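Visitor: Could you take me through the aromatic rings of this model, and tell me on what grounds each term is applied?
Guide: Gladly; let us look at the structure and then go through the terms one by one.
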Amino acid sequence: MKTDIGGMMDTVLDEVRMQPGIQPGPVFLEAKWLAEHAAHRNAVKFGIAMLGLFQNEQEKDLLLTLGRHEEFTLYAAVAIHNGMEDSNQVLFELAQRVHGWGKIHIVERLEPASQEIKDWLLRQGCRNSVMNEYLACICARNGGLREALSADRVDSALLDGATDIIEALLNGGPAENMDDYEHAPQVLSDYVRLTREIGTAAKHLSAIFSIHAFLTQDEEEWAVRMSAGWSGQLRTGISDACQSIMADTKWISIVMDTVSSGDSPDRYYGVACAEQLGIDIWDTLYDQLAANPLQNFYYYQLMKSNDPDRIRKFVQFATEHLPLQQIATGPGNKMGYGEEYAAHRNLGAILQSLDRFEGIGTELIFTGLNSPVISNRNMALKALEGWNVTSWGDRLVEAVTHLLVVEPEDSVKERLRELREAKGL
């Protein structure tokens with residue numbers, strides 16, 4: 001069984017410190033050897049942690065190199081913090097080289113000791129491969145977001161970074177959100193002002209939609225906010241400004257250009273804004289899917305249509321391009337995570353909406369019933385629950401009957417029993 005030594009590290013290091021006969025020189029060399037050459041990751045972690053017991057400026061390059069590996073970043077950060085006089089600047093160097101949980105660990109420990117660090121926190125600090133929400137409030141506070149946005153003019157990089165922070169704070173989630181951020185009223189007011197003046201990207205408009213949705217939440221939530229720096233006048237003023245921005249016709253071409261550029265990093269924002277503005281982009285996305293038939297993003301977006309003809313066209317495309325035989329290997333207990341289940345997830349994106357389109361997608365439903373991924377089978381059953389049994393066809397009736405015999409998951413088996421009873425089978 002794989003064991004991580006992280007929870008034991010402090011105890012081990014305390015024991016090392018209390019040993020009176022330890023010779024620092026050999027211990028340092030042994031720690032360095034483990035960090036550089038050990039074959040097991042736990043031994044590498046132990047070596048890095050041991051280096052933190054000593055002044056280790058001469059091992060800066062080693063610690064920066066190891067710290068770029070997400071599993072070692074926290075250990076390297078602690079070793080740097082404990083063993084270098086200019087540790088904060090070295091942590092800043094490392095923060096610019098990592099993503100994921102490693103970046104979270106470092107930014108949480110990074111002191112905003114210089115304007116360079118503050119500028120980076122606001123422009124790039126919270127943008128991460130793990131949820132931006134974890135670092136948004138930290139970056140807003142330590143980077144001085146309120147002061148930065150109060151300027152008459154800002155550079156585009158700051159507006160983009162502020163957009164990331166504000167969107168994450170509005171999303172909320174596992175960390176502090178907009179209601180936890182003490183400067184929310186001023187920051188939102190200034191962001192809206194600046195976007196009206198210099199906003200030119202779909203992500204800016206997306207943030208405006210998010211701010212407007214925040215401002216129109218129910219009055220119970222706003223009763224609490226009114227005692228935390230908000231006023232009715234400020235709320236109304238920002239809301240009116242948001243509506244003015246959203247009504248500007250310039251956004252139509254900006255959004256369409258973003259959506260049409262299939263490789264744009266802002267594509268998600270373009271699609272979200274098109275939906276808010278009522279712009280029909282289905283054909284554009286379908287054409288892009290044809291060039292990249294397994295791109296998960298398109299499957300969820302294209303199934304949002306309510307047009308049966310479009311759904312029928314898309315289902316036919318999926319039937320021809322998804323590896324249905326490779327998916328239908330028989331029921332199992334797989335959760336469907338990982339790259340090897342990308343096609344299963346694409347199938348699931350279609351199945352979860354087929355209950356609205358009776359008679360369309362029987363081949364995909366059959367495949368879902370025979371998938372090893374539990375959610376595929378559940379979504380296939382959801383589709384059949386929404387259909388009249390006369391639309392199933394003999395093949396699906398037989399598949400449901402057979403699945404009841406071989407289904408390994410009790411919850412799915414119970415759903416099968418209820419389905420058969422409801423449909424009179």
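**Rings, charges and burial**

Guide: R395 lies over the face of F366, 3.6 Å from the centre of the ring.
Visitor: What makes R395 count as lying over the face of F366?
Guide: A charge sits over a ring if NZ of Lys or CZ of Arg is within 6 Å of the ring centre and within 35 degrees of the ring normal; the distance for R395 and F366 is 3.6 Å. K313 is described in the same terms, with its charged end over the ring of Y286 at 4.4 Å from the centre.
Visitor: On what footing do such values stand?
Guide: This is a predicted model, in which local features need pLDDT of at least 70 and side-chain atom pairs count only at pLDDT 80 or more, while totals for chains, interfaces and linings use all residues. Residues are numbered from 1 along each chain as its sequence is written, and side-chain values use heavy atoms, with hydrogens and water left out.
Visitor: How many aromatic pairs are there by the rule?
Guide: Rings of Phe, Tyr and Trp (its six-membered ring) pair if their centres lie within 6.5 Å, and planes under 30 degrees apart count as stacked, over 60 as edge-to-face and the rest as tilted; by this rule the count is eleven aromatic pairs.
Visitor: Why is the pair of W222 and W230 called edge-to-face?
Guide: The ring centres of W222 and W230 are 5.0 Å apart and their planes stand at 85°, so the pair is edge-to-face. Ring pairs also link F214 with W222 and W230 in a cluster.
Visitor: And why is the pair of W282 and Y286 called stacked?
Guide: Here the centres are 5.3 Å apart and the planes of W282 and Y286 are at 10°, so the pair is stacked. W282 and Y286 are four residues apart in helix α18 (residues 282-291), and are therefore separated by about one helical turn; a helix is a DSSP run of H or I with at least four residues.
Visitor: How do you know whether W282 and Y286 are buried or exposed?
Guide: Buried means under 20% relative accessible area, exposed over 50%, and partly exposed in between (1.4 Å probe, protein chains only). W282 has 6% and is therefore buried, and Y286, with 12%, is buried as well. W222 and W230 are also buried, and buried residues make up 48% of the 425 residues in the protein.

How values were computed. Helices (H or I, at least four residues) and strands (E, at least two) are DSSP runs, numbered from the N terminus.
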